[in-house]
Amino acid sequence: MDEEGTQYHAHVFNQNFSRFRHLLKEDESYIVIKPNMVAVTNGFSYTGHKQTLTLDWKSILKKCDDFSGPVNGFMFVDFNSIIEQTCPRDTFFDVIGQIVSFRPLETSNPVASKHYIKLTLSNLDSVHLKVIIFGSQAYQMSEYLQNNPTVNCVVIVMQFLKLNIWNGIGEAKSHFEVTKLFINSDIYEINEFKNKLKCKDNFGITEKSITTLQSYSSSYTDDFKGNFPLKTICEITKPIKEMKFLLVASIVNIRRNLPWYYEACKKCGKKIIPVPKANHSYTDPEKISETMVVGCTNAQCKKSEIQTVIKYIIPINVQDCTRTIGLTLFDREAKRLLNISAYELKKIHDAAGDSDGLFPMQLNVLKNSKFGFLVDITEYNVNNYNNIYTVLRVAEDMSIVSELESKIELMSIQSVSLNQVALESDDVVQPVQRDVISQTDESFTPSTVDKSTDTSPSKISMEKLVDFGLEFWVHVLLFFIALILILQFVLV
């Protein structure tokens with residue numbers, strides 16, 4: 001940042017870093033001689049400036065003791081502009097507000113940089129903004145709240161945030177280690193904010209309190225704790241009835257014959273479609289032309305102006321020990337697993353010159369990973385006999401996945417035991433005929449063959465039946481041979 005408050009994104013390449021390593025310190029001022037200025041080419045600017053500053057082999061750095069510019073150079077944006085997504089999407093912004101609620105630190109992901117804490121901030125106009133903080137800043141925020149439980153008024157400044165869209169509503173989120181966090185710091189901006197709060201609150205800010213919400217982890221993982229039946233894929237290939245169930249499977253493929261994103265209505269989140277609009281000519285009233293405009297599939301949005309957002313709709317193939325089936329991963333869970341919004345990923349994909357027919361390479365991180373799924377068989381699936389089901393929740397926590405796998409193993413052992421008892425009592429067993437769509441790799445192959453493993457209960461049952469039939473006919477054959485021998489002996 002220069003003395004006029006203009007901010008630049010600056011960097012040093014590895015081969016030149018040793019020259020400047022001893023000089024570069026945060027909050028220090030320098031005179032930069034012969035910097036290399038390069039235009040921003042990837043569409044996203046950290047500071048909003050269209051040029052980046054690079055220190056190369058010819059650059060000279062000298063310490064400055066009389067810098068007269070701003071200290072932090074905050075660029076605060078209005079909360080409503082974030083919520084309504086009218087704030088800049090291709091650059092960072094800053095926010096200041098009072099914490100009114102938060103959820104405890106979420107640490108279920110094995111990668112520490114993906115641990116996060118969710119806050120709700122209030123500005124001086126009592127507009128609430130949701131903020132999500134990742135990584136080391138999340139730990140910094142959580143530690144402060146734990147160590148200062150009696151502090152009711154916590155005002156924070158977050159610098160270098162990015163826009164995050166969740167269910168059509170704008171939020172703010174941190175960006176790796178770039179984001180800076182100021183918690184009740186003794187700086188001009190926070191002190192001024194607190195003074196304005198005192199003027200607005202006749203009872204004083206000490207009467208305000210922070211609400212601690214339920215842990216996202218506990219509320220999220222409750223869905224995997226026994227409220228829904230646990231199934232294997234071979235049990236749910238036919239959409240016979242509406243139900244929600246749990247499934248443990250690995251993502252083996254992302255189907256490329258279907259789109260990975262869609263345009264949704266910003267207001268309700270439903271898919272938008274092109275609709276014809278009649279245009280009457282002013283000069284010739286009888287002449288009518290049609291143009292295509294976007295329309296929402298939700299009847300309540302039809303008369304309002306439609307604004308669109310990009311959302312995920314990732315078609316995946318998952319496989320367990322019995323067979324493979326197709327599922328659809330929608331925006332909320334996909335964005336959480338990928339840690340990037342569909343809008344941002346499409347922007348990167350387009351900037352790279354990739355066509356819509358090619359899938360972003362970032363989606364491949366989902367493949368070959370085992371998850372717990374909460375799956376929904378909807379009325380649409382049943383009425384249309386469609387066995388491409390919707391994913392409601394995804395659990396990547398290995399403790400949850402392992403627990404579900406243990407239950408499946410127990411169910412399998414009990415099922416084998418029951419089949420063996422039935423055969424020993426000479427009950428007649430009718431083999432179940434299957435006629436489902438088996439989805440493997442990128443092809444869809446009709447199949448009537450049970451693709452369960454060699455040790456599955458159904459296969460054991462069939463082998464027992466075959467052995468039983470052979471034994472019966474052997475006894476019949478021996479009976480007739482004995483009868484023939486007896487007749488020959490009598491006749492002789």
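# Exercises on a predicted protein model

Among contacts in the protein between residues at least 6 apart in sequence, where contact means heavy atoms within 4.5 Å, 68% join residues at least 24 apart. The model is predicted, so local features need pLDDT of at least 70 and side-chain atom pairs count only at pLDDT 80 or more, while totals for chains, interfaces and linings use all residues. Residues are numbered from 1 along each chain as its sequence is written, and side-chain values use heavy atoms, with hydrogens and water left out.

**Exercise 1.** Describe the largest nonpolar core and say which elements supply it.

*Solution.* Begin with the term: a nonpolar core is a set of buried Ala, Val, Leu, Ile, Met, Phe, Trp, Tyr and Cys residues joined through side-chain atoms within 4.5 Å, and buried means under 20% relative accessible area, exposed over 50% and partly exposed in between, with a 1.4 Å probe and protein chains only. The largest such core has 34 residues, and those with the most contacts inside it are Leu247, Tyr312, Ile314, Val318, Leu327 and Phe373. Next, look at the elements, which are DSSP runs numbered from the N terminus (helices are H or I with at least four residues, strands are E with at least two). Among those that each supply at least two residues of this core are strand S13 (243-254), strand S17 (308-319) and helix H7 (342-351). S13 gives the most, with six residues. Finally, take one member: leaving aside its neighbours within four places in sequence, phenylalanine 373 is in contact with residues including Phe224, Leu247, Val318 and Leu327.

**Exercise 2.** Work out which strands stand at the edges of the open sheet with the order S1-S4-S3.

*Solution.* First recall that two strands pair if DSSP finds at least two bridges between them. The open sheet has three strands and mixed pairing. Strand S1 (9-12) and strand S3 (36-39) each have a single partner strand and stand at the edges, so one side of each is left without a neighbour in the sheet. S3 pairs with strand S4 (residues 51-55) in the antiparallel sense over four bridges, and asparagine 36 stands opposite threonine 54 in S4.

**Exercise 3.** Locate threonine 211 and decide whether this residue is buried, partly exposed or exposed.

*Solution.* Threonine 211 is placed in strand S12 (residues 211-212). Its relative accessibility is 42%, and therefore threonine 211 counts as partly exposed. Not counting residues up to four places away in sequence, threonine 211 touches Val100, Ser101 and Phe102.

**Exercise 4.** Set out where the partners lie in two salt bridges, lysine 173 with glutamate 344 and glutamate 192 with lysine 196.

*Solution.* A salt bridge is a side-chain nitrogen of Lys or Arg within 4 Å of a carboxyl oxygen of Asp or Glu, and a search of the whole structure finds 10 of them. In the pair of lysine 173 and glutamate 344, the N to O distance is 3.8 Å. Lysine 173 lies in strand S10 (residues 169-173) and glutamate 344 in helix H7, so the pair ties together parts that are 171 residues apart in sequence. Both of these residues are buried. In the other pair, glutamate 192 and lysine 196 meet at 3.9 Å, N to O, and both lie in helix H4 (residues 188-200), four residues apart, about one turn of the helix. Glutamate 192 counts as partly exposed at 30% relative accessibility, and lysine 196 is partly exposed with a relative accessible area of 39%.
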